[in-house]
Amino acid sequence: MQISIESKLENNPFENKYKLVKSQIMKHFIASVIAFIAISTTVFSQDIKTKKYAGIETKSLDELYVDALKEGGELILRAGGDKDDQADYYLDMFKKRFPKIKLTHSVDLSFYHASRYDNARKEENKANVPDIIQLQTLHDFDYYAERGLLEKYKPKNWEKIYPDYKDPHGYWTGLFGVAFSNVINIDVIDEDKAPRDALDYLDPALKGKVILVYPHTDDAVLYQFWNLKEKYGWEYLEKLVATKPTWVRGTSMPYVSINKGWYGASFTTSWAFVPWPNSDARFLLPKEDFFLTWFQVAAIPTDAKNKAAAKLYLNWMLSDEFQSKWLQFPARMDIESPGGYKPVHHYNTSPADFHRFMLKRDLVERFRLQIEQLVGPSEGPAPLEMDYSKKPERKK
């Protein structure tokens, strides 16, 4: 009797085993697909709750404004800087947006603000603790966070901030980028002949036109000189000092002097990416050299009295309203830099490296003393005591 091929296959034990395994695989595959769809659906349906679970603020600015007014409507801010009107650009916008908030602020060198906060933390001085500390001394925030002295808080738009510019647990956050590079006056120096890289500043044609900050008086400028030393060697620093630039304390006097046309160039200061109307000052990035950027950091002290107002301030600083109007690199990844500049990570700079430098206090203090031996002790008035209506004179 002839047996069909189909009958042979049906009676083949290996074929039967194959069908069984195939059936089981299909069942597992279908179960996995169903599980995946269920999980995806759950995640999608709860997407709106994600920020809440992550501890990110969900209230609008108007709702936070109401909270701040209910709390008492006061805000005390300590902002790092070296010119008393340095924070006016953004604080004037804040006051206009939230006119019922009584804002008290002071601008001073960050290490002074930090030491005042240290003293205010004593039990008898807690009334002097500010609601916001906003400093350039980035290492202070690590110190405070490790000791539980900062409020854990993640403002709205937290997930849009560059990861390196915020504490992952919410103890502090960067608010806006600051870049130090070449600031020149095109009425004093032709733009096509302006210094861009470090070696350009050795040009004898610039004699009497360059103004620099004493590097041992400012950690940001000290970091610039550290990188110059690393790339070009100590010999370069000796040659730069030998050109006899005008040295001043504080990073504000260089941009004021250049804007007024008293001097032609500096790399130890900052300026808006988009030139101010009727100003001959220009901000120019290096062609090859590394340059300095950092993000001015802010946090809420645990003993702050007006935490609702502090939260309002942080949320506004990270809002579209402010980030889109900042003069240099925004802290948010989704906001474009002004003037056609690319995001900060496209350039030869590293805010995270500056933070690492600031944490290396032994290295910083040793290099500070070395530089002071080279440049000489700082002379002239303190930054906040300077008369910005008078041209600073270079030493003969």
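The residues lining the largest pocket divide into 17 nonpolar, 15 polar and nine charged. In that count Ala, Val, Leu, Ile, Met, Phe, Trp, Tyr, Cys and Pro are nonpolar, Asp, Glu, Lys and Arg are charged, and the others, Gly among them, are polar.

Before I go on, the model is predicted: local features need pLDDT of at least 70, side-chain atom pairs count only at pLDDT 80 or more, and totals for chains, interfaces and linings use all residues. Residues are numbered from 1 along each chain as its sequence is written, and side-chain values use heavy atoms, with hydrogens and water left out.

Back to the pocket. The largest one holds about 940 Å³ of space. Of its 41 lining residues, Gly81, Asp82, Gln86, Thr251 and Tyr255 are the closest to its centre. A pocket here is an open set of points on a 1 Å grid over the protein atoms alone, with protein on both sides within 12 Å along at least five of seven lines; a cavity is a set where a 1.4 Å probe fits but cannot get out, and lining residues have an atom within 4 Å of a point. Points are joined across faces, edges and corners, and a volume is the space filled by probe spheres set on them.

Elements that each supply at least two residues to the pocket lining include helix H5 (88-97), strand S4 (173-185) and helix H14 (361-375). Helices (H or I, at least four residues) and strands (E, at least two) are DSSP runs, numbered from the N terminus.

Next, serine 252, which sits in helix H10 (residues 252-259). Is serine 252 buried or exposed? Serine 252 counts as buried because its relative accessibility is 0%; the cut-offs are under 20% relative accessible area for buried, over 50% for exposed and partly exposed in between, with a 1.4 Å probe and protein chains only. Its side chain makes a polar contact of 2.5 Å with that of aspartate 82. That term means a pair of N or O atoms within 3.5 Å; within protein, one must be able to donate a hydrogen and the other to accept it, and residues adjacent in sequence count only if both atoms are side-chain atoms. Leaving aside neighbours within four places in sequence, serine 252 is in contact (heavy atoms within 4.5 Å) with Asp82, Lys83, Gln86 and Tyr388.

Last, the cavities. Searching the whole structure gives two of 30 Å³ or more. The largest has about 80 Å³ of space, and its lining has eight nonpolar, two polar and one charged residues. The second largest has about 40 Å³. Trp172 is among the residues lining the largest cavity, and Trp172 is also one of those lining the second largest.
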